[in-house]
Structure formats: C-alpha cells, structure tokens
Amino acid sequence: MSRALLIIDVQNDFTEGGALAVAGGDAVASAVSAFLAAHASDYAVIVASRDWHHADGDNGGHFAAAPDFIDTWPRHCVAGTDGAAYDPLLSTDAVTHHVQKGQGKPAYSMFEGTTQNGDTVGAVLTAAGVLSADVVGIATDHCVRASALDAITHGVHVRILTDLVAGVGAESSEAALAELAHAGAELVPSTDG
Ligand code: VGL
C-alpha cells in the first residue's frame with residue numbers, strides 16, 4: 001500500500017527567529033530530519049510545502065499591520081526571501097515533490113498549491129496510488145490542520161505524527177487535533193511510523 005509523507009511549511013519564518021515564529025518549530029525541523037533518515041524509504045512520495053507569498057500587497061487580506069493571528073498575520077514567507085526558505089535544520093534530500101502555495105492569497109492547505117511541474121498535491125497522490133498519508137510540520141492549528149483535512153477529503157487514510165508538529169496556540173492546536181481525530185485522522189507518535 002503506497003504511503004505519502006506530507007511535510008507542511010517547515011520554513012524559517014515559522015521557526016524560532018522567524019517573522020511568525022512558532023515555539024518548537026526548530027525542534028520539529030530537526031525531528032523530521034531524524035525521522036526521514038530512518039523512514040524515508042517507507043514512503044512512495046514525500047511532499048514538502050512552502051508558503052510563498054507575493055512581496056506586494058496584502059496577499060488577499062492575509063497580511064495585516066495589526067494582525068489577529070487567526071485570519072490575519074504579520075508579513076511572512078515572501079517568495080524568494082530567507083524567511084520563505086526551508087529551515088536549514090530540515091533535511092530536504094528525500095523530498096520528491098516541492099509545493100508552493102499562497103501566491104497572492106491565503107492558502108493554508110498544501111492541496112491549494114502546486115509542484116514545480118504545476119501538479120496539485122491531489123494529482124501527485126493519485127498518480128502514485130497513495131492510500132495513506134502521514135502529516136508533519138507547522139502549524140498544527142493552521143496549515144497542518146487544513147492540509148490534513150484536505151488529505152482526508154482526497155480519500156486517503158491520514159495519520160498525524162504528533163511529536164512532529166508544532167502549533168501557534170496551545171488551545172487551538174488541541175482543538176485542531178481533536179477536529180482531525182473526529183474527521184478520521186489517527187493521532188500517533190512518530191515512533192509508530
Ligand atoms: C501558517 C499562519 C499563516 C501555517 C501560514 O503555515 O500554518 N500559519 N500562514
């Protein structure tokens with residue numbers, strides 16, 4: 001049975017020192033790299049996404065000078081900047097598909113983005129015959145949540161590797177994990193990987 005690993009937005013702006021730093025982001029980057037070193041060959045495809053916003057304008061209301069950290073955010077992950085690059089603690093050698101999303105608009109789910117070839121994540125998973133996906137990355141309560149929900153909608157069995165995610169808020173991250181469990185995701189530690 002083909003499996004996918006979905007690595008959500010492990011980017012400098014979402015880890016310590018970034019424009020929208022999520023506590024524990026660096027630790028997630030390192031832990032995902034260690035996980036990949038042991039498990040990359042378990043996956044038919046390894047898809048990594050990057051938020052990739054336009055430098056001009058507010059990206060469809062996504063950026064705000066006085067952000068609410070729910071629907072509006074400080075300027076982050078502007079295409080081509082260091083903030084939009086993968087955190088250097090993340091080893092990307094095993095990544096088979098690099099997805100960019102959010103060009104000029106909010107895009108929390110990696111399923112809204114496209115690969116370098118212009119393929120959607122849904123198309124990549126279908127082409128590889130993927131029936132289950134493990135989801136890791138940042139942020140639990142936003143892009144991980146939205147990507148995992150879309151993966152479930154796509155029809156694959158989803159597992160959230162709970163020690164390989166980090167969230168913006170503690171309560172909203174708990175709520176997101178509960179919502180994902182209700183939607184059919186399994187919440188498991190990466191040691192079950
Ligand atoms: C994200 C807030 C704003 C995320 C992206 O990657 O979870 N969060 N844009």
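This short talk goes through the sheet, two unusual backbone positions and the ligand site of the structure shown above.

Please keep in mind throughout that this is a predicted model, and that residues are counted from 1 along the chain as its sequence is written.

Let me begin with the sheet, which is open, contains 7 strands and shows mixed pairing, with the strands following the order β4-β3-β2-β1-β5-β6-β7. Its edges are formed by β4, residues 114-115, and by β7, residues 186-188, each of which pairs on one side only.

If we start from the β4 edge, β4 and β3 run antiparallel and are joined by 2 bridges, and in this pair Val99 stands opposite Thr115 of β4. Moving on to β3, residues 97-101, we find that this strand runs parallel to β2, residues 45-51, with 5 bridges between them, and here Ala48 is the residue that stands opposite His98 in β3. At the other edge, β6, which spans residues 157-166, is parallel to β7 and is joined to that strand by 3 bridges, with Ile160 placed opposite Leu187 of β7.

I turn now to the backbone, where two places deserve a look. Between Ile138 and Ala139 the peptide bond is cis, with an omega of about -5°, and Ala139 belongs to the loop that connects β5, residues 130-138, with α3, residues 140-154. The other place is Asp9, which is not a glycine and yet has a positive phi of about 50°; Asp9 is located in the loop between β1, residues 2-8, and α1, residues 25-39.

Both places bring us to the ligand, since Asp9, Ile138 and Ala139 are among the residues around it, together with Phe14, Leu20, Asp51, His62, Trp73, His76, Tyr108, His142 and Cys143. Sorted by class, this shell consists of 7 nonpolar, 3 polar and 2 charged residues.

Which side chains place a polar atom 3.3 Å from a nitrogen atom of the ligand? One is Asp51, where an N or O atom of the side chain lies 3.3 Å from a ligand nitrogen, and another is His76, for which the corresponding distance is also 3.3 Å. For His62, a polar side-chain atom is found 3.4 Å from a nitrogen atom of the ligand. Of the 260 Å² of accessible area that the ligand has on its own, the protein covers 99%, and the space that the ligand takes up is the largest cavity.

To close, I would return to Asp51, which is the last residue in the range given for β2, residues 45-51, and which also contributes one of the polar side-chain atoms placed by a ligand nitrogen, at 3.3 Å.

Key
Predicted model: local features only at pLDDT ≥ 70, side-chain atom pairs only at ≥ 80, totals over all residues. Heavy atoms only, no water. Near = heavy atom within 4 Å. Polar contact = N/O pair within 3.5 Å; in protein donor to acceptor, adjacent residues only side chain to side chain. Areas by Shrake-Rupley, 256 points an atom, 1.4 Å probe, with all protein chains shown as cover. 1 Å grid on protein atoms, 1.4 Å probe; cavity = no way out; pocket = protein on both sides within 12 Å on 5 of 7 lines; lining within 4 Å. Sits in = over half its atoms within 2 Å of the grid points. Nonpolar A, V, L, I, M, F, W, Y, C, P; charged D, E, K, R; others polar. Pairing = 2+ DSSP bridges. Helix = DSSP H or I, 4+ residues; strand = E, 2+ residues; numbered from the N terminus.
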